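Me: I am new to reading protein structures and would like a close look at one part of this one. Could you walk me through the salt bridges and the helices that carry them?

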Amino acid sequence: MSSRRSRSRQSGASRITDDQIIDLVSKLQQLIPELRGRRPDKVSASKVLQETCNYIRSLHREVDGLSDRLSQLLASTDTDSDQAAIIRSLLM
Amino acid sequence: MASFTPNLEPAPDTSLQFKPKKPRITLQTPSSCPSNQRTQRIKRWRTQRDQHIYSSKLFQALRRSRRTSASREVHETADRVLAGLARGTTRWSRAILTARKVTKHKKAKLPTNNRLRKPDIYRERRKTPAVERKLKVLGRLVPGCRKLSFSNLIEETSDYIAALEMQVRAMTAITEFLCGGTGGGPQPPADRLPSNVNS
């Protein structure tokens, strides 16, 4: 890893130590399904971060698609009072 | 499809029966033992119970709202309920809740420090720029975390990812439910979901 000079043009976030990198890799790796099977020392921080961003974006997209479907479904079942009553009784 | 393998406990209640107990949000103040807090936080979005709570709250919110014909409204409602469940303990949840009240402008321009945009010759002094760049991107993806310190950002990210996964599971369950269980269209990952309603 490159040197750990504390030469900070900005205060705060510019000094990232190697320990933090290791911390990042260990924590985030557990969360991402694609990286879970790999050994921690074989995954670089950059890749972990990249995969994390990709994963969050894909989750966003998935929620988008789901909310799309839900909006269509709700528009169609809104008039169906029987089903609504059943649903309500089951959920409460 | 991304395959989640969340740490779902083999919960005995696989039906959608929601017992109206007080939701056991176990995230205490920071004075509690950190390892304990962290364990609770890990389990936080992954229990069946949390998912049931979220599903029912979301469903009630959706039924109540009259404007659910747009998918954006549904998405925002889902985010809002999700953030509400966090009870203000995480920064992203607070950001979601406050962003709704203020304005609808997406990604309002925060007062970023443009004056600190140094040219490239200064950038080589810091840590690998790729990592820095990606950290910034990550900070933009998680709501409200643009100017967070490193360790906080990691914590927020892990919580946010777990919450998003739960959101996907819950919304998939609701969609299946409304479809009548057999579900047309894209097949949701139904093998882990408590969709035993239509028997």
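Reply: Here is a walk through the salt bridges, starting from one helix and moving outwards.

Please keep in mind that this is a predicted model. Over all chains, the count comes to 4 salt bridges, and we will visit some of them here.

Let us begin in chain A, which has 3 helices and 0 strands. Read from the N terminus, its elements run α-α-α. Chain A has 92 residues, and buried residues make up 38% of them.

Our starting point is helix H1 of chain A, covering residues 18-31. This helix has 14 residues and reaches 20 Å from its first C-alpha to its last, close to the 20 Å expected at 1.5 Å a residue. Several of its residues are buried, among them A:Ile21, A:Leu24, A:Val25 and A:Leu28. The buried group also includes charged A:Asp18 and A:Lys27.

A:Lys27 is a good residue to stop at. Its side chain meets that of A:Asp23 in a salt bridge, with 3.5 Å from N to O. Both residues lie in helix H1 of chain A, 4 residues apart, which is about one turn of the helix. Here a general rule helps: an α-helix has 3.6 residues a turn, so residues three or four places apart point the same way.

How covered are the two partners, buried or partly exposed? The cut-off for buried is under 20% relative accessible area. A:Lys27 counts as buried because its relative accessibility is 19%, while A:Asp23, at 28%, counts as partly exposed.

A:Lys27 also forms a salt bridge with B:Glu155, where the closest N and O atoms are 2.9 Å apart. This pair crosses between chains, going from A:Lys27 in helix H1 of chain A to B:Glu155 in helix H7 of chain B. B:Glu155 is partly exposed, with a relative accessible area of 22%.

Now let us move to chain B and its helix H3, residues 71-85. H3 of chain B has 15 residues and reaches 21 Å from its first C-alpha to its last, close to the 21 Å expected at 1.5 Å a residue. This helix is mostly covered, with 11 of its 15 residues buried. Among those buried are B:Val74, B:His75, B:Glu76, B:Val81 and B:Leu82. Just after H3 of chain B, B:Arg87 takes a positive phi of about 60°.

Within H3 of chain B, the side chains of B:Glu76 and B:Arg72 meet in a salt bridge of 3.2 Å, N to O. These two residues are 4 residues apart in the helix, so they are separated by about one helical turn. B:Glu76 counts as buried at 17% relative accessibility, whereas B:Arg72 is partly exposed, with a relative accessible area of 44%. Back at our starting point, salt bridges that share partners join A:Asp23, A:Lys27 and B:Glu155 into one network.

Finally, here is a look at some charges outside the salt bridges. A:Arg57, A:Arg61, B:Arg140 and B:Arg146 form a positive surface patch. B:Arg146 sits in the loop between helix H6 (129-141) and helix H7 (150-179) of chain B. B:Arg146 is partly exposed, because its relative accessible area is 36%.

Methods:
Residues numbered from 1 in each chain as written. Chains lettered and ligands numbered in written order. Predicted model: local features only at pLDDT ≥ 70, side-chain atom pairs only at ≥ 80, totals over all residues. Heavy atoms only, no water. Expected span 1.5 Å × (residues − 1). Buried < 20%, exposed > 50% of the residue type's maximum accessible area, 1.4 Å probe, protein only. Patch = residues over 30% accessible without salt bridge, like charges linked within 9 Å, V, L, I, M, F, W, Y side chains within 5 Å. Areas by Shrake-Rupley, 256 points an atom, 1.4 Å probe, with all protein chains shown as cover. Charge placed at Lys NZ, Arg CZ, Asp CG, Glu CD.
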